[in-house]
Amino acid sequence: MVGLTAQAQTMLVKNHKAPGRILYTDTLDRQAAELLQDFTQRISGATMPIVAIDAKPKKGDVVFRRTRNEAIKEDGFKLDSRPGYLTIESNKGKGSVYGVVTLLEKYLGCNYWGENEYTVPTRSTIEIPAECFVENPTFTFRSNGSYATSSDPIYRMWARHEDPSEVFAGGYWVHTFNRLLPASKYGAAHPEYYAWFDGKRHPGQAGQWCLSNEDVFKIVCQELDSIFKANPGMDMISVSQNDGNYTNCKCPECARIDSIEGAPSGSLIHFLNRLADRYPDKQFSTLAYLYTMNPPKHVKPRPNVNIMLCNIDCYREVPMQDNASGQAYLKALDGWSKMSENFFLWDYGINCDGFATPFPNFHIMQPNIQTFRDHNAKMLFNCNGNVRGGDMTELRCYLVNKLMWNADADVDSLTNTFLNGYYGAAAPYIDQYLKLLQGALLGSRIPLWIYDSPATHKDGMLNPILRRTYNQLFDKAEESVKGDSALLARVQRSRLSLQYSELEIERTMPDKDVTRLKNMLDTFETRAARYGLAHINERSNSPKEYVDLYRSRYLPRGEKNLAEAADITFSTPLPAPYDKIGAQSLSDGLFGGMSYKDSWIGWEGKDVDITVDLGHPTEIKSIDTDFLHQIGAWILQPKSVTYSLSDDGVNWKETAKHELTDDHDGKVKFVNVVEKFTTPRKARYVKVAVEGMKQCPGWHYGVGNPCWFFLDEITIL
């Protein structure tokens, strides 16, 4: 901000009447004019007329102008109210719209908190002090993935968001290999177009390209010609690897390039540079993600190759420079920034396995965003607000929005503004809750990961004493605003994360208060529906599915599991870290949750026989083995499960073989393989022979790599 001057005020509205007009000439400025007209009318009741001419301004007018002033960057603006009328000047982009947002916030006391949630004061007169200043954004592309962006156009303008569809031709935005070279079209006839490793090609919808194949380059160019032709005026497109890791091509030529470059990103950048040379007037964005995170040693991306660097593997309890995972990412960031001035950062700021899981990372937002800025990143996607009802979604998005616009903004002031404006009298209690949660996280020294379960923190920031304190604070918060239905709804919606965490932690406890748990489930189900929590994780599992499953899966069952006191052995030893949990996890009565990190054990790329010794011949009515389906973690249900019985542990009689279908569904599921006997059988030993998938199939983004199967309970009745 530069050039403040104190002179006479500009009067936009006086005694509910507007003496001036809103003048504009550019289409984008019309949008800004309508936004200003809308809010001045809400504030004062007066309607400023919009005039689509470049007329000579008079006192009280608002004038939108386009300029070539180099001091005003893309999406930036200059606001000048010194002449007695107000000028909002912009160069490229939506600076006029963002100038109006700043005007409404700074001078008129308006604020926008979330989807159709805003504060607009009322007054009879609107005066703007005589000032002149320029604002430019820290990042030219800003988005946080907020649910409100698509449903509320005013929120989107207020948040100063860009949408990928506005920038990327044809909507080609990340993980585009299969869209550009569909395996359904080319995979069977031309497997040579796809990655080679482990002695064979791996075509499939998640397969990567053989980047040294000349035909691949030609076909992709033909496809790009069509896309650019169909999207005139759009100059940027993503040509980027499919999701998944360790799936890059290792054929002799691709391997030769990557060996010279010291990283699998080498063959990718060579390929992108060829595209950049063929289309010098276009921008090609590509992912530096998982196996391509680290930059090549020698080849540099062309100026029109945009590097989208992702920090998915970083822990987030401290700023990136303060833990090992962040330091590894910073090394990659530093390398890319030294060879390119055209890169885009993708940051993660929520728990993807549980959107409602407490994720107290507010203290690291600014230092991390400043680090991105200091490495010359121009574009930032900060994944923070996927769902309504997620953990502090509105506050999280509000702060990120402000920091993407101005990385040096006063975060404490912004936080106080939000809490007071959004929660009213409940603000002090929510503030205390957030501070206690953050302090407990740091004090626990437990890392904060985007795929944690709340149970990960049950002895840290979510221990019983702290959860009791948090609930007391929320009780006070609800009591303080019980007379205001809108504020009470906001407090109760924010409390969903604590309620979800308590359910997840109670699930892991051997002794359960069933009546209390049922009440907690009823409350969570009711409030999740009332306040619009649509999904609890990135796999689109709904709260209703979660609650129904909880009632059937985690509440105590009537019959005793005969395997509870049994001796359980494996034909193949358990791999680390699951060997620490051991066989007892299969009969402890604690069913695993949606994260594979609690109660589950598993094997990668193997078949396993599990033998249960009941100690003496026992009458058996049924056998039930519980498996996890979580394709995002490369955990697939087995191909088959075979049950056999024996009296001596040597001679076995097969009772049933269950073939399982190949399930592509992205939702997290629990797969029970049940064998019920019409007539009870008597045996001392039960064998569960698990035939794993062993390798990720072509549709899966781990195609060609070993996959896991996970199980937790064997129930014998």
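Two strands are taken to pair if DSSP finds at least two bridges between them, and helices (H or I, at least four residues) and strands (E, at least two) are DSSP runs numbered from the N terminus. The model is predicted, so that local features need pLDDT of at least 70 and side-chain atom pairs count only at pLDDT 80 or more, whereas totals for chains, interfaces and linings use all residues. Residues are numbered from 1 along each chain as its sequence is written, and side-chain values use heavy atoms, with hydrogens and water left out.

An open sheet of six strands, paired in the parallel sense, follows the order β11-β18-β17-β16-β15-β14. Its edges are formed by β11 (141-143) and β14 (236-238), each of which pairs on one side only. From one strand to the next the twist averages 20°, where axes are lines fitted to C-alpha atoms, for helices over the stretch in contact, and angles run from 0 to 180 degrees between N-to-C directions. Helix α10 (residues 265-278) packs on this sheet and touches β15 and β16, its direction making about 170° with that of β15; contact here denotes heavy atoms within 4.5 Å.

Within the sheet, strand β15 (residues 283-288) runs parallel to β16 and is joined to it by five bridges, with F284 opposite V305 and L287 opposite M308. On pairing with strand β17 (residues 343-348), β16 forms four bridges, again in the parallel sense, and L309 stands opposite L345 of β17. The chain passes from β16 through helix α11 (residues 324-339) to β17 in a right-handed β-α-β crossover, a term meaning that, with the strands pointing away from the viewer, the path from the first strand over the helix to the second runs clockwise.

Strand β16 (residues 305-310) is mostly covered, six of its six residues being buried, that is, under 20% relative accessible area with a 1.4 Å probe and protein chains only. The burial extends to both faces, with V305, I307 and L309 on one side and N306, M308 and C310 on the other.

A buried charged residue occurs elsewhere, in the loop between α4 (153-158) and α5 (164-167), where R160 lies. R160 has no salt bridge, and the nearest side chain of opposite charge, E105, is 4.5 Å away; a salt bridge requires a side-chain nitrogen of Lys or Arg within 4 Å of a carboxyl oxygen of Asp or Glu. Lys and Arg count as positive and Asp and Glu as negative, while His and the chain ends are not counted. Apart from neighbours within four places in sequence, R160 is in contact with Y98, V101, T102, R142, K402 and W405.

Methods
Buried means under 20% relative accessible area, exposed over 50%, partly exposed in between (1.4 Å probe, protein chains only).
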